Amino acid sequence: MASRYQSLKGFRDTLPEESLRWQWLEGIIRDQMRRYGYGELRLPLVESTELFSRGVGEGTDVVSKEMYSFLDKSDPPESLTLRPELTAGAVRAWIEHEIGKNQGLTKWYYVGPAFRYEQPQSGRYRQFTTFGIELIGSPLPEADAEVILAGVGLIESLGIRNYRLRLNSLGMPEERAAYRVALLEFLNARRSQLSQESIRRMESNPLRVLDSKKEEDVAATADAPKILDFLADESRAHFNRVRGLLDDAGVQYVVDHKLVRGLDYYTRTAFEFQGLDLGAQDALGGGGRYDGLIEQLGGPATPAIGFGFGIDRLLLAAEAAGAIPNQSAALDVFVVGLGDSARAWAVQTTRLIRQAGLAADCDLLGRSMKAQMREANRRNARHVVIAGDNELAAGKAQLKDMQGHAQQEVELGDLLNVIQSREEGG
Ligand code: HAM
């Protein structure tokens, strides 16, 4: 027997029933983006490896351990990478198409797959889907508030109530450099109490030590210096203004000086939405300001802020909240034709009903009347049209209402009208 294949570890299929849930969620996202005035961006799945190593940062886990990179077939070969996130690609596109020349502010959103070589577990996959927005061009705290409020709005319209918004400021590069020195000094003095992983991280990315969930790291860093104490006046005022805007909107949040984010491009505001019904992988989404990234990738110095959500996790959280509506791909009409010419008639009638905008199907397996009725039931058909060769010769068919159970004889020429008037009547 030929060998059977399985999907790769961390990669999943979404079958039609499950797809209905994705469509529900994506419908809410698209409706929200229409209301908030964001245009949809569709980006390539593959970019040059350098875009991510420069954009996201060599010292990050994403770049150093998790990228799907490969050499293509060009001569000399080029190193390409399956996108591990979409902000770098969005910025590349913004620079490439010189979007800033024609408009002061850009509001983009995207939904699509990203790839990270991580250990799969509940809520963590090697291919996952992200929904993100990028607001490019404004340095103002009002822009930060707009983006965070869009995240709050999304979570709430999905019916997720059990979540926490964590907020921090990571300062500008010079503020963070001073903080890094102080933090390193603090960590060095407690080296023996830290986990091996944190000791390793201290060299490349000491702020990430604060992010560790390991008990010994949490205990050792309880009194670590706080980045908020290293902010100069401008960054501090910016942060306070963002907080004030969230307060005015009645949004609950916690200021968490240990929130550092896993990507290097952030400046000032950083935030994360934590799903309290999820397991270890509880970040529903996160983002922040990245005022230096566009210039770093060769564009004009331009401030920006955005977020990314994991759609897989949003669905898990919406499910835990019991917020996902029951949906089935219900059929309006099932057409049952019994006999040779009735089967041909069923094909034509199904086509007419579909052309009229209703969902219709007929049997394609030559099944018995009983089996066709069973199929109509399985498909939740609202109406069933039944005809055998003799009825057709007399120009008639039976129309059965599967909810009210009433059955009526209908002239073939009137069939569509009768079905439509029943549909309109509910
Ligand atoms: P991120 O925090 O790396 O940010 O990823 C965003 C979200 O993607 C996470 O909060 C999580 O829900 C989801 N996610 C990440 N990795 C996985 C995984 N392996 N499996 C399932 N879900 C995952 C970014 O990617 C930034 N680009 C966000 C951003 C946009 N910042 C500014 N603009």
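Which residue of S5 is the bridge partner of Glu40? In the predicted model described here, the partner of Glu40 in S5 is Tyr109. This pair belongs to the contact between S1 and S5, two strands that run parallel and are joined by two bridges.

The pairing of S1 with S5 forms part of an open sheet of eight strands, arranged in the order S1-S5-S6-S11-S10-S9-S7-S8 with mixed pairing. Strand S1 (39-40) and strand S8 (254-255) occupy the edges, and each has a single partner strand, so one side of each is left without a neighbour in the sheet. In general, the strands of a sheet pair through backbone hydrogen bonds, in either the parallel or the antiparallel sense.

Strand S5 spans residues 106-115, and eight of its 10 residues are buried, so the strand is largely enclosed by the rest of the structure. Besides its parallel pairing with S1, S5 pairs with S6 in the antiparallel sense, over 10 bridges. Within that pairing, Tyr110 stands opposite Gly132 in S6. Strand S6 is also paired with S11, again in the antiparallel sense, and seven bridges connect the two. Here Gly132 faces Gly308 in S11. Gly132 of S6 thus stands opposite Tyr110 as well as opposite Gly308.

The sheet also contributes to the surroundings of the ligand. Strand S6 (127-136), strand S10 (283-289) and strand S11 (304-310) each supply at least two residues of the shell around the ligand. The greatest contribution to this shell is that of S10, which provides six residues. By residue class, the shell comprises 11 nonpolar, nine polar and seven charged residues. Of the 27 residues around the ligand, those that come nearest are Glu85, Thr87, Glu118, Tyr266 and Ala283.

Polar contacts with the ligand involve both side-chain and backbone atoms of the protein. A polar atom in the side chain of Tyr266 is found 2.6 Å from a nitrogen atom of the ligand. In the side chain of Arg116, an N or O atom is 2.9 Å from an oxygen atom of the ligand. Leu284 contributes through its backbone, with an N or O atom 3.0 Å from a ligand oxygen atom. On its own, the ligand has 660 Å² of accessible area, of which the protein covers 94%.

Two further residues, Thr60 and Ala342, were examined individually. Thr60 is located in the loop between helix H2 (49-55) and helix H3 (61-65). With a relative accessible area of 1%, which is under the 20% limit, Thr60 counts as buried. Its side chain reaches the backbone nitrogen of Val63 at a distance of 3.2 Å. When neighbours within four places in sequence are left aside, Thr60 is in contact with Asn205, Gly262, Leu263 and Asp264.

Ala342 is placed in helix H13, which covers residues 340-355. This residue is likewise buried, with a relative accessible area of 0%. Apart from neighbours within four places in sequence, the contacts of Ala342 are Gly337, Ala387, Gly388, Asp389 and Leu392. Of these contacts, Leu392 is separated from Ala342 by 50 residues in sequence, while the C-alpha atoms of the two residues are 7.1 Å apart in space.

Key: Residues are numbered from 1 along each chain as its sequence is written. This is a predicted model: local features need pLDDT of at least 70, side-chain atom pairs count only at pLDDT 80 or more; totals for chains, interfaces and linings use all residues. Side-chain values use heavy atoms; hydrogens and water are left out. Helices (H or I, at least four residues) and strands (E, at least two) are DSSP runs, numbered from the N terminus. Buried means under 20% relative accessible area, exposed over 50%, partly exposed in between (1.4 Å probe, protein chains only). A polar contact is a pair of N or O atoms within 3.5 Å; within protein, one must be able to donate a hydrogen and the other to accept it, and residues adjacent in sequence count only if both atoms are side-chain atoms. Contact means heavy atoms within 4.5 Å. A residue is near a molecule or strand if one of its heavy atoms lies within 4 Å of it. Accessible areas come from the Shrake-Rupley method with a 1.4 Å probe; for residues, only the protein chains shown count as cover. Ala, Val, Leu, Ile, Met, Phe, Trp, Tyr, Cys and Pro count as nonpolar, Asp, Glu, Lys and Arg as charged, and the others, Gly among them, as polar. Two strands pair if DSSP finds at least two bridges between them.
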